[in-house]
Amino acid sequence: MEYIIKNGIVFDPLNRIDGEKMDICIKDGVIVESVSKDAKEIDASGCVVMPGGIDSHTHIAGPKVNTGRLMRPEDSYRDIYYKKGLKPGTGFSIPSTYKTGYQYCEMGYTTVIEAAMPPLKAKHVHDEFVDTPQIDKGALTLFGNNWIVMKYLKEKEYELCAAYVAWVLRNVKGFAIKIVNPAGTEAWGWGKNVHGLDDPAPYFGITGREIVRGLCKVNEMLGLPHSIHVHPNDLGHPGNWRTTIETMGCVKNMEPKPKYGNRETVYYNTHVQFHSYGGTSWKDFVSKGVEIAEYVNKVDHVMIDVGQITLDETTTMTADGPMEYDLHMSTGNKWANCDVELETGSGVVPFYYSPKGPVYSVQWAIGLEIFLNTDPSKVILATDHPNGGPFTRFPRIIAWLMSKKYRDYWLNEKVHKWARTRSSVGDNDKEYTMYEIAQITRANQAKVLGLSPERGHLGVGAIADIAIYEIAPEEKDPKIIERAFRYTKYTFKRGEIVVKDGNIVKEIFGDTIYVDVKIDETLEKEMMKDLEEVFKKNYTVQIENYKVSDHLANSWKVIQIDSSEIT
Amino acid sequence: MEIILTLKEDITVPVELDALLPEKIDNMDVEEIKNIKIPQGRTTVKVGELFDVEIRESDTPKMTIKNSSIKLKRVGEGMTTGEIVIEGDVGMHVGAEMKGGRIVVNGNADNWAGRGMKGGELVIKGNAGNYVGSAYRGGYWGMSGGTIVIEGNAGHEIGEYMTGGKIHIKGNVGYFAGIHAKGGLIVIDGDVPGRLGAEMIKGAIVVNGKVSEILPSFKYKGIVENPVIKIKKKDEGTKIEGVYHMFAGDYVNNKPKGQLYISVDRNPHLG
Ligand SMILES: [Zn+2]
């Protein structure tokens, strides 16, 4: 099938195209120089054309998402998706799989990354991916509290650790290294937490700093497309901004060496809003968003996503088990928690960020403050769905960023006055341009994930994932902005029209992306000796049952990397 | 205007009637009302297919359902004004989330009567099912205002997550009355099998009948006579006549302010 998208205003930051009227040609699922006369013409006049959106940090599949669904029937009947010809779905903050795929696609998103896959539970994640249509998927794989990783890093056996990480990613079909509250989630297994980068985990005696630095080193030895993806210690604690900057800083001398993609950073700090808190308690709680933004602007090795609070009732879920316990204790809300054997843990708590709540209003303002003060090439739009709010609120966040007036309306009319007095968001006049919106919703993601060779841009050879929004580039009306970004005029997935005028018109099943790293045989054998021992002694499953088998995807997109030089 | 709906014959598949609030249909004519679409099971039917519809003069918006059935669900859900009278039994969610007005059921009601009620009055002359004035499955938004009176018995978990308003049960209740309550007043004239006020944080429960046992996580506070029950700081208080054992709890929570008043006469074994 051939298409030509005519007369749209194109925003493609990776190719430095800023609002140019140009035609985009599609053939056989990719973007091409030109098409034949038979190509179907799509009229995009009066519309903005962008590459398909990418969410680099979201929670859409796997055991903790499913636990959230099970424990929250009230979320399920709050939002029902029922459209003729499509699979019905339910759930506002924790939508069922089909609804997730449809709604991302309605917003012009075409690739999303599940942000926390416990290796042992990978089959569950992939099983739900199979049932999530319209988008390509990948899974960040949890390594920060893994016993084998901690043991190898403690012994400074970086080569063996690299071989182990490669083995896990290959066997569980994972995409990148995720670190959550390093040493803290393991401490939670002992009823404790860590309170900073240099607190050791019980028994292992290894600190968060050693884990972050060690895994960063391993990541660059392997040359993985994405950097380490970090949720630092002290999430949600007043005064945690120092830990955040310390954690970012602890890898500043490392060199990015990706063997695939064009990443220039070695450290990705996710939902940085939750890590930018000043003060010593909720009483003197203030924003340190500007300080965090200034640090990020100053250094070259860091990329952040915001984890914007949308002031909704939602469901929090994270591999940061002790943090969820704190949340349960402070709200009295129901709570689930889980220990994943040798690998990680997690917790789930429903949460209502009331706009009337002083603390929640400041959290909301901190996120915006980070957006408004960080270089738009270093910051990413995400809500840590569903933790800060559901992904279906992205259009509203875009409206807050593009319209100072709309932001002020919320600041003065809707949220608690603390948002004004304890942050600088009211003093900031910045309004995001359409180009910058394209940066923070697709281009930056593609680059930092290492997927920019084929995604997140509209250059020749790229996958034809395209979003066409019915909006003028200079539009300021928040209602129009929100509506336009919520429902595309067209979404193209791999060169096919899957959304037209906001409706799913074709159901397709995307790829699951994973990384397969080749490791030196002798090194791998040495590592396997240790690993087989661990499985025999400590795991409840056999090593043979651990592997994610090939049928657990609609189609695999494998990124092959050769790191056999590590010995 | 008063509208009278008479169920033509017994139905087996449940029907949802939340579209038929007196305030919504106040200015409609008979034909319009007959054409309103309502869900029945997984299909949709018109009001006229199931009911005879009649209109009478009335100063206030009023709706009467004759020959009513337990298969009629969500009657009066979300109503804000006017009156509904039900002749016969009624199904789940009668008066759910109602904000004002009055509903009288001259029969029995199924589960979730007055679920998440915010205001108004719900009177059930017969028995009620489980979850009177409670939150819905998984939720934590119980009754926050208004009054529910059940002349007969009620089932389990009444007043779950209740934050305000009053429930008066003249008969007996099942387990877990007032579970997770965060306010409001429950008065039970009949007997209670146990687990009263489990995990309650605020609010008060008065039992004039027999209570087989009190949860061990409640603290005994002594005997009180004709108590004035205050639930909020600025509350004038509700006067209750009688002599009661008073308990505070539930101490599975931090700093709970829940109050239990249990008749001394009927419960010499407590205290
Ligand atoms: Zn997350």
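A pocket, as the word is used in these legends, is an open set of grid points with protein on both sides within 12 Å along at least five of seven lines, and its lining residues are those with an atom within 4 Å of a point. With that in hand, welcome to a tour of this predicted model.

**View 1. The largest pocket and the helix that gives the most to its lining, α11(A).** About 1300 Å³ of space lies in this pocket. Of the 50 residues that line the largest pocket, those closest to its centre are A:Leu327, A:His328, A:Ser330, A:Thr331 and A:Gly332. Helix α11(A), residues 321-331, contributes eight residues to the lining. Look also for β11, β17 (313-318), β19 and α12 (358-373) of chain A, each of which supplies at least two lining residues.

**View 2. The buried side of helix α11(A) and what it packs against.** Here you can pick out A:Gly321, A:Pro322, A:Met323, A:Glu324, A:Leu327 and A:His328, which are buried in α11(A). The partners of the buried residues in this helix are α7 (184-188), β17 and β19 of chain A. Follow the chain onward and you meet A:Gly332 after α11(A), with a positive phi near 75°.

**View 3. A:Ser346 and its neighbours in strand β19 of chain A.** Is A:Ser346 buried or exposed? With a relative accessible area of 12%, A:Ser346 is buried, because the cut-off for buried is under 20%. Its strand, β19, spans residues 344-352. Leaving aside residues up to four places away in sequence, A:Ser346 touches A:Lys64, A:Thr318, A:Ala319, A:Gly321, A:Ala336, A:Asn337 and A:Cys338.

**View 4. The zinc ion and its protein donors.** Which residues hold out donor atoms to the zinc ion? They are A:His57 through NE2, A:His59 through NE2 and A:Asp384 through OD, lying 2.1 Å from the ion. Along the chain, the donors follow the spacing H-x1-H-x324-D. A:His59 sits in the loop between β6 (53-58) and α1 (63-71) of chain A, and A:Asp384 in the loop between β20 (379-380) and α13 (394-402) of chain A, so this pair ties together parts that are 325 residues apart in sequence. A:His59 is buried, at 3% relative accessibility. A:Asp384 is buried too, with a relative accessible area of 3%.

**View 5. Strand β10 of chain A, a mostly covered strand.** Running from residue 136 to 142, β10 has seven of its seven residues buried. A:Asp136, A:Gly138, A:Leu140 and A:Leu142 point one way from β10(A), while A:Lys137, A:Ala139 and A:Thr141 point the other way.

**View 6. The strands that pair with β10(A).** Strand β9 (residues 109-117) of chain A runs parallel to β10(A) and is joined to it by five bridges. In this pairing, A:Ile113 stands opposite A:Gly138 of β10(A). Between these strands the chain passes through helix α4 (residues 122-130) of chain A, making a right-handed β-α-β crossover. Strand β25 (residues 512-518) of chain A is also parallel to β10(A), with two bridges between them; there, A:Thr512 is the bridge partner of A:Lys137. Strand β11 (residues 176-180) of chain A pairs with β10(A) in the parallel sense over three bridges, and its A:Lys178 stands opposite A:Leu142. You have met β11 before: it is among the elements that supply at least two residues of the lining of the largest pocket.

Technical notes. Residues numbered from 1 in each chain as written. Chains lettered and ligands numbered in written order. Predicted model: local features only at pLDDT ≥ 70, side-chain atom pairs only at ≥ 80, totals over all residues. Heavy atoms only, no water. Helix = DSSP H or I, 4+ residues; strand = E, 2+ residues; numbered from the N terminus. Buried < 20%, exposed > 50% of the residue type's maximum accessible area, 1.4 Å probe, protein only. Contact = heavy atoms within 4.5 Å. Donors = N, O, S within 2.8 Å, 3.2 Å for Na, K, Ca; no water. Pairing = 2+ DSSP bridges. Right-handed = clockwise from strand over helix to strand, strands pointing away. 1 Å grid on protein atoms, 1.4 Å probe; cavity = no way out; pocket = protein on both sides within 12 Å on 5 of 7 lines; lining within 4 Å. Points joined across faces, edges and corners; volume = space filled by probe spheres on them.
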